[in-house]
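Q: Got a minute to go through this one with me? I'd like to talk about sheets, cysteines and cavities.

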Amino acid sequence: WSKLVGNVQDHIAGLNFGYKGELRDYSITYRNALASLTGTPHEVSLRDKQGKTSTVTAKRIVVAVGGRPRALSCPGAELAISSDDVFQLSNAPGNTLIIGGGYIALETAGFLAGLGFKVTLMVRSILLRGFDRECVVLIEKDLVRRGVTILPHCTPAKIEGAASSSSSAAAAASATSGRKSVTWTDEDGKEATADFDTVFCAIGRDADTSSLGLADAGVTTNRSGKIVCKEEQSNVPHVFAIGDVVAGKPELTPVAIQAGRSLARRLFAGSTVGFDYRCVATTVFTPLEYGTIGLSEEAAEEQLGAENVDAFLSKYKPLEWTLNYYRHEESAFAKVIVDLRDDRVVGIHYLGPNAGEVTQGFAAAMRMGLTFTALRDTVGIHPTVAEELTSLEVSRSSGAPIEKGSC
């Protein structure tokens, strides 16, 4: 564990060093300080680590502070670690309770179980809200098969154990210094208690905007503190935002990067093209990886009408898993959702090896208006898992079995 943590921290330090070097190469001034809008147009207050303040002015201001992990609200919440703390733990996490049902919770459950730790996943409602439900069910079954215990419709009532500390690193060390007794309630109100070495909270992230003085500057935010924007511009003309702090946009690092590039081109290179948030591909890196582009089957039926939508499906065996003793019982899954009115592909979902690599290229095709006919006319590369997406034949409406042999 210490070797893994050391390697992760070295990698992060290397990334930060590279970023600072790039800023220097482009003659960009870097100030390590907390910024806030003063209320005077174009003015920003900066407070450094020593508490000294200064002000700067700018023609345009971009807010890109991202989010912070949301804490539990139950007694003893300070004893739970977050995603910021996992790779600062001085000791291996051991028997771990993960609270949450999003991709961070599921990915962490998957890799800790893969390292041989006992993992329990406590979920208040459903796993991976907003994702295709058929795919989520397959991920859930796979996690259970790998030894993850799932407690559905449960919420923590209290956590008891050793007190924590204020700093992130110290909190992480303290959080693993002793067993934690966790009491929770199920959907019927019944209580249960169990002990864990580590309690990991992954119930979401909040926009880190509370200390930025947005209200003083007249910047409109929603109830969660996210900035309401049109093409990355807030209601205050000289204040812009990119990334997780923008209301109603995907919380993904590549989205923030692309939005920043698009904004820079419009502000400084004469571009008039806004950032297109459609057909953003993403992957959930659970042990059974899940790559997705476009609409889930549920969203497609809701938006387009169930009578106008059909899904083409396949459950098949990747060749590399056929020859792998540890994975020979597993299957990949492919789903393409089609708008029957114009043959347009509105959703692609894939579960299997290298999901991110598989779905990345299809995202470009969907942005160009991919049709199901064009997809099936594409020559596949044999014997790859991606080939299956070019040869789907069984539709949901047909009711025919979707299981196939090896690819």
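What follows is a chat about its strands, cysteines and internal space.

Q: Before we start, what kind of model is it, and what is the numbering?
A: This is a predicted model, with residues numbered from 1 along each chain as its sequence is written. Local features need pLDDT of at least 70, side-chain atom pairs count only at pLDDT 80 or more, totals for chains, interfaces and linings use all residues, and side-chain values use heavy atoms, with hydrogens and water left out.

Q: OK, sheets. What is the strand order in the one with strand 10?
A: That open sheet has three strands in the order 9-10-11, with antiparallel pairing. Strands here are DSSP runs of E with at least two residues, and helices are runs of H or I with at least four, both numbered from the N terminus. Two strands pair if DSSP finds at least two bridges between them.

Q: Which strands are at the edges?
A: Strand 9 (155-160) and strand 11 (191-196), each pairing on one side only. The twist averages 25° from one strand to the next, using lines fitted to C-alpha atoms as axes (for helices over the stretch in contact) and angles from 0 to 180 degrees between N-to-C directions.

Q: How many bridges between strands 10 and 11?
A: Six, in the antiparallel sense, with strand 10 covering residues 180-185. Trp 184 in that pairing stands opposite Ala 192 in strand 11.

Q: And what about the sheet with strands 1, 2 and 3?
A: It's an open sheet of three strands, order 1-2-3, with antiparallel pairing. Strand 1 (34-37) and strand 3 (53-57) are the edges. Neighbouring strands are turned by 30° against each other on average, direction ignored. Strand 2 (residues 43-47) pairs with strand 3 over five bridges, and Ser 45 stands opposite Thr 55.

Q: Switching to strand 17: mostly covered or not, and what does it pair with?
A: Mostly covered: eight of the nine residues in strand 17 (309-317) are buried, where buried means under 20% relative accessible area, exposed over 50% and partly exposed in between (1.4 Å probe, protein chains only). Strand 17 pairs antiparallel with strand 18 (residues 332-339) over eight bridges, and with strand 20 (residues 394-395) over two. Lys 315 stands opposite Phe 333 in strand 18, while Leu 313 faces Val 394 in strand 20.

Q: How many disulfides turn up?
A: Zero, searching the whole structure for cysteine sulfur pairs within 2.5 Å. For Cys 154, the nearest cysteine sulfur is that of Cys 74, 13 Å away.

Q: Is Cys 154 buried or exposed?
A: Cys 154 counts as buried because its relative accessibility is 6%. Cys 229 is at 22%, so that one counts as partly exposed.

Q: Last topic: how many cavities of 30 Å³ or more?
A: One, with a volume of about 40 Å³. A cavity is a set of points on a 1 Å grid over the protein atoms alone where a 1.4 Å probe fits but cannot get out, and lining residues have an atom within 4 Å of a point. Points are joined across faces, edges and corners, and the volume is the space filled by probe spheres set on them.

Q: What lines it?
A: The lining includes Trp 1, Ile 81, Leu 112 and Phe 200. Helix 2 (103-114) and strand 12 (198-201) are the elements giving two or more residues to it.

Q: How does the lining split by class?
A: Seven nonpolar, three polar and no charged residues. Ala, Val, Leu, Ile, Met, Phe, Trp, Tyr, Cys and Pro count as nonpolar, Asp, Glu, Lys and Arg as charged, and the others, Gly among them, as polar.

Notes
On a 1 Å grid over the protein atoms alone, a cavity is a set of points where a 1.4 Å probe fits but cannot get out, and a pocket is an open set with protein on both sides within 12 Å along at least five of seven lines; lining residues have an atom within 4 Å of a point.
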